[in-house]
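Dear colleague,

Please find below the structure that I agreed to pass on to you. My notes on its interior and its surface follow.

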Amino acid sequence: MTKKRRILTTAFLVFLAIVMVFPLLLNVCNSFMTDREIKANYDIYNKDSSGHEEEDIFFALKLIPQRFVLDQYYQVLVKKPKFLRMFWNSLFIVLPMVIGQIIISSMAAFAFAKLRFKGRDSIFFLYIVAMMMPFQVTLVPNYLVLDKLGLIDSYLSIIFPGIFGAFGVFLLRQFMLSIPDACIEAAKIDGCNFFYIFVKIILPMSKEGIAALAILSYIDYWNMVEQPLIFLKDVNKYPLSIYMAKINQSEIGVAFAASVIYMLPVLLIFLYWENYLVEGINRSGIKS
């Protein structure tokens, strides 16, 4: 690659990075503005002389607040206990789903990748089919099964379908295929059983894939909206993702502050485990 081409490529990638990061930066900056300043920056509708609203699009896109305030964060964290309750609801739902999926998916992936049994490939093909189906296809069967089990309006109605998701099995199975069979054969010669091989050899060598699954699952479940709305009837059990979807225009400052707090767990997890995510996806052979 020539120097000129390398410079152009770098400039283009920097431009794309700025485009991707700018909404995030704008969201953070707006969370420290007053409601009046935010509405002035995003004045979309004005009333004409007859009192009707006519479209008048105007965006200031200011990054530096005229007056730095923390009232929105005070509103969210102190005066709105509903936000914190839903925040803990989200953690109570998402963490068991991620941990459970790691446990179930790692065991199933080990069986599909390293064990030989009749119908293995056919069963894994069914996993692929289930993974390719959109959520709406399995919604009604899941609801009927959960209703028969008496789990509707409980957190288990969301946790159980998430734990037994097909994507985790597929991701870890592809990752475990990269582990040399010689490691397992050597352990068998030493007299190790499959449980010992799985716990002491496969899991330590699959930590990147498990970390990638944990990050991707956490992001997916943290942002879920359809499952809680359908399976939970008590609004006090709703996760934070539902709260974010119902903030109205009169609370625009609160919406920006709440969205900043809402994205912090995902952002911190991604920054801390970024290398594991990249390595796990690369070794699993999955390309975006």
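Leaving aside residues up to four places away in sequence, I202 is in contact (heavy atoms within 4.5 Å) with F110, M176, I179, I184 and I197. The model is predicted, so local features need pLDDT of at least 70 and side-chain atom pairs pLDDT 80 or more, while totals for chains, interfaces and linings use all residues. Residues are numbered from 1 along each chain as its sequence is written, and side-chain values use heavy atoms, without hydrogens and water.

I202 also belongs to the largest nonpolar core, which has 54 residues; together with M176 and W222, I202 touches the most other members. The main contributor is helix α4 (residues 81–114), with 12 residues. Such a core is a set of buried Ala, Val, Leu, Ile, Met, Phe, Trp, Tyr and Cys residues joined through side-chain atoms within 4.5 Å. Buried means under 20% relative accessible area, exposed over 50%, and partly exposed in between (1.4 Å probe, protein chains only). Helices are DSSP runs of H or I, at least four residues, numbered from the N terminus.

Helix α4 also holds S105, which is buried at a relative accessible area of 0%. Beyond residues up to four places away in sequence, S105 touches G165, G168, V169, L172 and L213.

On the surface, L24, L264, L267, L268, F270 and L271 make a nonpolar patch of about 500 Å² (nonpolar side chains of Val, Leu, Ile, Met, Phe, Trp or Tyr joined within 5 Å, each residue with over 30% relative accessible area and no salt bridge, that is, no Lys or Arg side-chain nitrogen within 4 Å of an Asp or Glu carboxyl oxygen; areas by the Shrake-Rupley method with a 1.4 Å probe). Helix α14 (residues 252–272) gives the most to this patch, with 5 residues. L264 lies in helix α14 and is partly exposed, at 38% relative accessibility.

With kind regards

Conventions
Helices (H or I, at least four residues) and strands (E, at least two) are DSSP runs, numbered from the N terminus. Patches are made of residues with over 30% relative accessible area and no salt bridge: like charges are joined within 9 Å, nonpolar side chains (Val, Leu, Ile, Met, Phe, Trp, Tyr) within 5 Å.
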